[in-house]
Amino acid sequence: MSLLHAAIMAPFIFAVLVPLIYKFTKRIHTGWFVLPVPVILFVYFLSKISSVQQGETILTSIPWIPSLGIDFTVYLDGLSLLFALLITGIGLLVVLYSVYYMDKNKEAIHRFYVYLLLFMGAMLGVVLSDNVMVLYGFWELTSISSFLLIAFWYSRERSRYGALKSMLITVFGGLAMFSGFLMLSVMSGTMSVREIIAQVPDITDHTLFIPAMLMVLLGAFTKSAQFPFHIWLPDAMEAPTPVSAYLHSATMVKAGLYLVARFSPVFAGNAQWFWLVTAVGLTTLIYGSIRAIKQTDLKALLAFSTISQLGLIMSLLGLGSAAAFYSGSPDSLIYTKATTAAIFHLINHATFKGALFMVVGIVDHETGTRDIRKLGGLMALMPISFTVAAIGAFSMAGLPPFNGFLSKEMFFTAVLHATEMDFWNVQTWGVLIPVVAWIASVFTFLYSMILVFKTFTGKLQLGKLEKKPHEAPLGMLISPVILASLAVVFGLFPNLLSYSLIEPAMAAIMPNMLAPGEKFLVNIEFWHGWTTEIFMTIGIIILGTILYKLYGKLRVLNQPLFKRVTFNRIYDRGLALFEQGSNKLTRGYMTGSLRHYMIYIFGFMILILGYALAYSGGIKINASEYAPISFYEAVVIIVLILAVLALPFVRNRLVAIILTGMSGYMVTLFFVLFRAPDLALTQMVVETVSVMLFLLCFYHLPKLKKEQVRLRFKWTNALISIGVGVIVTLIALGVTSGGRMFEPISDYFLKESYTSAGGKNVVNVILVDFRGFDTMLEITVLGIAALGIYALIKIDPGNEILGQR
Amino acid sequence: MELYMSIAIGVLFAVGVYLILSKSILRIILGTSLISHGVHLLLLTTAKLKTGAAPLLGEQAETYVDPLPQALILTSIVISFGVTSFFFVLAYKAYQRLGTDDMEELRGEEDE
């Protein structure tokens, strides 16, 4: 048990305590009691920066299921530390914000904080776990706590829909990832991420390597809302705004990015990884940015912008993976710049997107709406919120002097380098990469401007607002102001981050690039001269501004196109089809008709036994071993067969009963002929009693009606029954013709019957002496049948059941 | 002999299955008793027929037929008798309460 374990477990333990605290301190907002948890954790992780910067890592383990190789191992390196700081840092700001956002009298805030703490602990577990199974466990826990948080206002239908959707999609990806982890552990024989990385040269050629890569990527893409699995994120906006800010912009959706970065040392350097990660990232980037400009709901706009930015980071991680291909040569350092940009933008996105969500929450809180068409002219009323929103949006658009500007420039650098790659067929399609990136950036600029200017400038429409807008309380503003200031600070002094966080994180993502003791030297310059990237940014600003001016006309053009292509419709229709399909299938074969079920059973029996007989050489007739047949036996057989064959055609039930009895007596005669006196006696008595029983109830049963079935049905029945008869005959012949596989044990019974058991009737001795246990249970069966019959006849529940029908 | 016995067993099974697939409860019960006859004869046949005297040591014969299948069949006869009689009373009670012996009419509710 180390401090790191304690750090992961602390939110869980505290989550247990929250309901108690809530119950006994009703006057004070529970959020204040929750706040110390992320604060302490944040400070703890801050204190680790200097040691991690020196290249030190922490690795401790608690045995959990050692026999399966599953141990609760935690590992802290640059990448984990970066994420842990994001989770706890944004976490504390979100808790602070939620204290003012969530009304303690109207909302069930104890549940809110339990779920939030569960999520925080799970997320810390994801980024700090070294064991893939433990990582998977925490991963699913983030899905579950996210599900609970999205459906926090569970009485709303939209919330439940969004929660279910996100659950289905992320758990689908989670399970795929689980199978990927299993394949990795099968290939490498270990469940520790670090040990898997150590074995990479041995497993690259394994047949499971590519499937494992695809499965792990599926998990990452669904969690990080990549195309086409992005559809859950906009619907998750039904969650309370602090949740959207925390989970669906800064932390959970980055779990997929973490996964890609964490497994880069395993998979990077392969063309499939490069192309998948890059192409999916770029598709998401441009698709998200186009969809964002059409949204009228502020949170939906932010959701699509999050999708788009996540795609940007994902594509940068893909471009950065090219470095592993060139491992060792100086060329590779060019491509590492993409990874640097990815990490830098990951931090930047957390700051400005968190701030933007919080501002949108404030606007919602103070005006009662998030609809852009109803908002406008809030600048004078809410100056602080406007400032924060402007900083966030300009940073998102990539304007100087904010941090988004720097990461966008680095992004362009990376995509421009991509065109120079001359491997993996990049030269054919690589030209598209910067083009797509540039167009997506124009759209990003456009929706950022829509976000700020449509909300805060223009005409104030007081009539459409539910409340009279005014500036939010100070407490609510603290968190977004801090995040916005960070966006400015990181923009002006980017090297604050590069030395402390980015270099160690790069070392974690690309461990093979470094000789022991070496460090990446990342130096992000604020101003880097008149380069292509700058002109690209200027182009964005010019084109973006023109588009913004034309926006009113463009929107009309865009609407029908967007309505035609939507993945939500595919998801909804798909879900409905699955439901209808399985319903139809079940209704199709679960008909409730006994006859159908018997047909399935007998049909399956014919198929399986027929197959087995045909392919094992079981069909044989060897007449040489057969006993001869006498005239008397022939007569009995013929009578039996005739009596039995007549049965289906009989309509009178008395005749049917007599024919059945007749077949029973013929069986008795067989027992006589085949030297089985005890059997003959028993069979005769049993058959007599059976026939008597049939006749006893004969009076009470209805006449055997003519079977009102269609001819086709009769033929199915006949086919199935003939099939069963043939199969049984073949089995009987096969058994009697094969010769014995071993001698029967009957010689023992015959020899020992008198000497050991003192009886000359061997069958009776077997029944009560050698195998007396069977007989005891058979007596029990008869007893139970008798009791059952007695109960059926005597116990009369009255007509209640009938009356209900 | 075994060949003809196998055919007779096949006929017993075929007709038994055919009766089980019909609608009337009475026919179904008759079908089950035919199938149990078939099983008993199958047990007897697969142990080889007519290899000696009845398994009574007083016979003083050279060889006896196999006593073990006979013991098994005896147990089976009694058990199937118990089960058949229970079925019969069950069918009788079901007819008394529900007023039909048609299996198609005894189907469950649509949405169950």
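Ala225(A) is buried, at 0% relative accessibility; buried means under 20% relative accessible area, exposed over 50%, and partly exposed in between (1.4 Å probe, protein chains only). This is a predicted model: local features need pLDDT of at least 70, side-chain atom pairs count only at pLDDT 80 or more, and totals for chains, interfaces and linings use all residues. Residues are numbered from 1 along each chain as its sequence is written, chains are lettered from A in the order in which they are written, and side-chain values use heavy atoms, with hydrogens and water left out.

**Backbone outliers**

Most residues other than glycine have a negative phi, and most peptide bonds are trans. Three sites in chain A are listed here.

| Site | Value | Place |
|---|---|---|
| Ala225(A) | phi near 55° | loop between H11 and H12 of chain A |
| Phe227(A)–Pro228(A) | cis peptide bond, omega about -5° | Pro228(A): loop between H11 (209-223) and H12 (232-235) of chain A |
| Arg675(A) | phi near 60° | loop between H31 and H32 of chain A |

Helices are DSSP runs (H or I, at least four residues), numbered from the N terminus. Arg675(A) is partly exposed, with a relative accessible area of 33%.

**Nonpolar cores**

A nonpolar core is a set of buried Ala, Val, Leu, Ile, Met, Phe, Trp, Tyr and Cys residues joined through side-chain atoms within 4.5 Å. The largest has 210 residues. Phe45(A), Phe181(A), Leu184(A) and Phe263(A) touch the most other members. Helix H19 (residues 332-367) of chain A gives the largest share of this core, 18 residues. Another core, of 72 residues, lies apart from it, with Val650(A), Phe671(A), Leu679(A) and Ala680(A) among its members.

Not counting residues up to four places away in sequence, Phe45(A) touches residues including Leu4(A), Ala7(A), Leu76(A) and Thr88(A). Contact means heavy atoms within 4.5 Å.

**Interface of chains A and B**

Here 99 residues of chain A contact 80 residues of chain B. The buried area is about 8500 Å², and carbon and sulfur atoms give 75% of it. That area is the accessible area (1.4 Å probe) that two parts lose on being put together, summed over both. Ten residue pairs are in polar contact, both at pLDDT 80 or more. A polar contact is a pair of N or O atoms within 3.5 Å; within protein, one must be able to donate a hydrogen and the other to accept it, and residues adjacent in sequence count only if both atoms are side-chain atoms. On the side of chain A that touches chain B, H33(A) supplies the largest share, 14 residues.

Notes
Helices (H or I, at least four residues) and strands (E, at least two) are DSSP runs, numbered from the N terminus.
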